[in-house]
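Got your viewer open? Load the model, pick a plain cartoon view, and we'll walk through it one selection at a time.

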Amino acid sequence: MVKLSTLLTLTVSMFFSAIVNADSYLKREEVDAYIDELIQQHQFSRQELEEVLMAAERRQDIIDLMRRPAERRLNWHEYSKIFLDEQRISGGVEFWRQNQASLERAQREYGVAPEVIVAIIGVETRYGRVTGRHRVVDALMTLAFDYPPRASFFRKELTQFLLLAREEGKSPLGLMGSYAGAMGYGQFIPSSFRNYAVDFDQDGVRDIWRNRDDAIGSVANYFSRHGWRGAAEVTVPVRVKAETEQLLAIANESLRPTHSVAEIAQMGVIVDGLDPDAKVLLLRLAGGEAPEYWLGFDDFYVITRYNHSRLYAMAVYQLGQEIIKRRKRTVG
Ligand SMILES: [Ca+2]
């Protein structure tokens, strides 16, 4: 039974938290401390920071979305239907056709194949159609100060965001992005923008929001800097002789390829034609009827540097392959 006093305390605290929310973030001690830190470390003026952060709104819907990302909510069978749909495949063929010169130059300069870049932009934003409906400052303030599990990560991203806006001459209140503060065609979080965005068309600005050349070059640079090899194998489907405990124990254990193909073969995976010394990880994904097994190579791991999820990396890989197949049919 709930005591009346507990109910009262609850009601009163809800009342006060509502007031604090309506009153903006500036009333909070940890926000004050954060502002002091920004002034000291990055020479912002108190006035400009307060103007921006005062305008930020706490967004409960963003916290809810953060708690339930698709990568954790869905299995492969469900997830793949979202990202390997007809619209995304035909959209990829079209995006490739429209940006062929830029994609080919990115391949020459960064060693990243067009289908990888196209698939990333397709999975992230449907080729720039869905780049996020949240003000980045709201998303990052909410996650930095009202989402304890990742507060320290998002405080750093918030700082990166404020630096980015200053460097690029943008108003921090005008930039839109995802609920996690990711922006533009390739959904770069602020630290990725500062570290990996490039001015690929050399017009003097890094514009990942509207400029497709910059978006393409930036995704390619991101992959290159994270060790993309462009090897023949990214991931390959395999069959297993039996689902042994040993096999189940190493399936989905890590995003890094840590076992040699030879080791995996000894555990009962059929690995015809693969280099026995190559390092791989074993994936076990929920298929429509039976589980699917795949081996992931070094470049599979690199895709997970974009989004730390095996489902994500598999969707990017398979979308790229579907786009290639469709292109062959339509382009000839
Ligand atoms: Ca540019």
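## Start with the whole chain

Among the contacts in the chain with a separation of 6 or more, 67% are made by residues 24 or more positions apart; two residues are in contact if their C-beta atoms, placed from the backbone, lie within 7 Å. What you're looking at is a predicted model, where local features need pLDDT of at least 70, side-chain atom pairs count only at pLDDT 80 or more, and totals for chains, interfaces and linings use all residues. For your selections, residues are numbered from 1 along each chain as its sequence is written.

Zoom out. The C-alpha atoms fill a box of roughly 65 × 65 × 35 Å, taken along the principal axes. The chain has 17 helices and seven strands; these are DSSP runs numbered from the N terminus, helices being H or I with at least four residues and strands E with at least two. Of the 332 residues, 39% count as buried. Buried means 20 or more other C-beta atoms within 10 Å of the residue's own, exposed means 12 or fewer, and partly exposed is in between, with C-beta atoms placed from the backbone.

Now color by pLDDT, the predictor's confidence in each residue, from 0 to 100. The chain's mean is 93, and 92% of its residues reach 70 or more. Then select residues 12-22: here the pLDDT is below 50, and beyond near neighbours in sequence the stretch has two contacts in the model.

## Helix α13

Select residues 212-225, which is α13. Does this helix sit enclosed or open? Eleven of its 14 residues are buried, so α13 is largely enclosed by the rest of the structure. Show side chains for R212, D213 and D214, which are among the buried ones, as are Y222 and F223. To see what the buried residues pack against, add α8 (100-110), α9 (114-125), α12 (190-196) and α16 (298-304). Just past the helix, click on G227, which takes a positive phi of about 95°.

## Helix α6, a two-sided view

Next, select residues 76-83, helix α6, and show W76, Y79, S80 and F83, its buried residues. They cover an arc of only 100° around the axis, which puts them on the same side of α6; the arc is that of the directions from the helix axis to the C-beta atoms. Spin to the face turned away from that buried side and you'll find the exposed residues K81 and I82.

## The nonpolar core

Which residues touch the most other members of the largest nonpolar core? Select I117, L140 and V316, out of 89 residues in that core. Helix α17 (residues 310-331) gives the most to this core, with nine residues. A core here is a set of buried Ala, Val, Leu, Ile, Met, Phe, Trp, Tyr and Cys residues joined through C-beta atoms within 7 Å. Stay on L140: leaving aside neighbours within four places in sequence, L140 is in contact with F154, E157, L158, F161 and G181.

## Last stop: strand β3

Select residues 235-240 for β3 and 291-296 for β7; the two run antiparallel, joined by four bridges. Strands pair if DSSP finds at least two bridges between them. P237 stands opposite W294 in β7. Now add residues 269-270, strand β5, which pairs with β3 in the antiparallel sense over two bridges. There, V240 stands opposite V269.

Terms used: Expected span 1.5 Å × (residues − 1).
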